[in-house]
Amino acid sequence: MRVEQTHDLDTCRALRRVVFIEEQNVPEAEEWDGRDGGALHLLARDGETPIGTARLLLKGETGKIGRVCVLPAARGRGIGAALIRAGEALLAEQGCTRAMLGAQCHAIPFYEKLGFTAYGPIYDDAGIPHRDMEKPL
């Protein structure tokens, strides 16, 4: 398994469609928010097979890691953690000193193990409870 920066938005969007739109019932209008073109993207592959992706948005010294997803058949193998670590490294290369993300509440323990700290209230994003998290880089 490897994680690399990619410009293959079609593959990233196909993975997000499976996980967010089909599995989690996120409305298409919310998933396709128009921010993909200005973002950095990561793609995880098992051999040549795409299995996960993440999107990075830059704003000053803060980078937002989002749209993190792994196909159901590939979960439990550390791919999500590898995507987060690769995202942190890429954000640091871009000059970011802080990473933040909006975590689905059930995933907060996963992100805490990777060094993120939750802050602020729980909020609804596409019908799913979320909470913001951050980590210094």
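Okay, let's start with a question: which residue in S7 does Ala103 stand opposite? Keep that one in mind while I walk you through the sheet. One caveat before that: this is a predicted model.

So, the overall layout. We have an open sheet of 7 strands, and the order goes S1-S2-S3-S4-S5-S7-S6, with mixed pairing. At the edges you find strand S1, residues 2-6, and strand S6, residues 117-125; each has a single partner strand, so one side of each is left without a neighbour in the sheet. As for the twist, from one strand to the next that averages 25°.

Now let's zoom in on S5, residues 98-104. On one side S5 pairs with S4 in the parallel sense, over 3 bridges. There you can pick out Lys64, which stands opposite Met100 in S5. S5 also pairs with S7, residues 128-136, this time in the antiparallel sense and over 7 bridges. And here's the answer to my opening question: Ala103 stands opposite Arg131 in S7. Have a look at Arg98 too, which stands opposite Pro136 in S7.

How much of S5 is covered, then? Mostly covered, it turns out, with 5 of its 7 residues buried.

Last piece: helix H3, residues 79-93. H3 lies across S1, S2, S3, S4, S5 and S7, and runs at about 155° to S4. Put S4, H3 and S5 together and you get a right-handed β-α-β unit.

That's my tour; happy to spin the model around if anyone wants another look.

Conventions:
Residues numbered from 1 in each chain as written. Predicted model: local features only at pLDDT ≥ 70, side-chain atom pairs only at ≥ 80, totals over all residues. Heavy atoms only, no water. Pairing = 2+ DSSP bridges. Helix = DSSP H or I, 4+ residues; strand = E, 2+ residues; numbered from the N terminus. Axes fitted to C-alpha atoms, helices over the stretch in contact; angles between N-to-C directions. Contact = heavy atoms within 4.5 Å. Buried < 20%, exposed > 50% of the residue type's maximum accessible area, 1.4 Å probe, protein only. Right-handed = clockwise from strand over helix to strand, strands pointing away.
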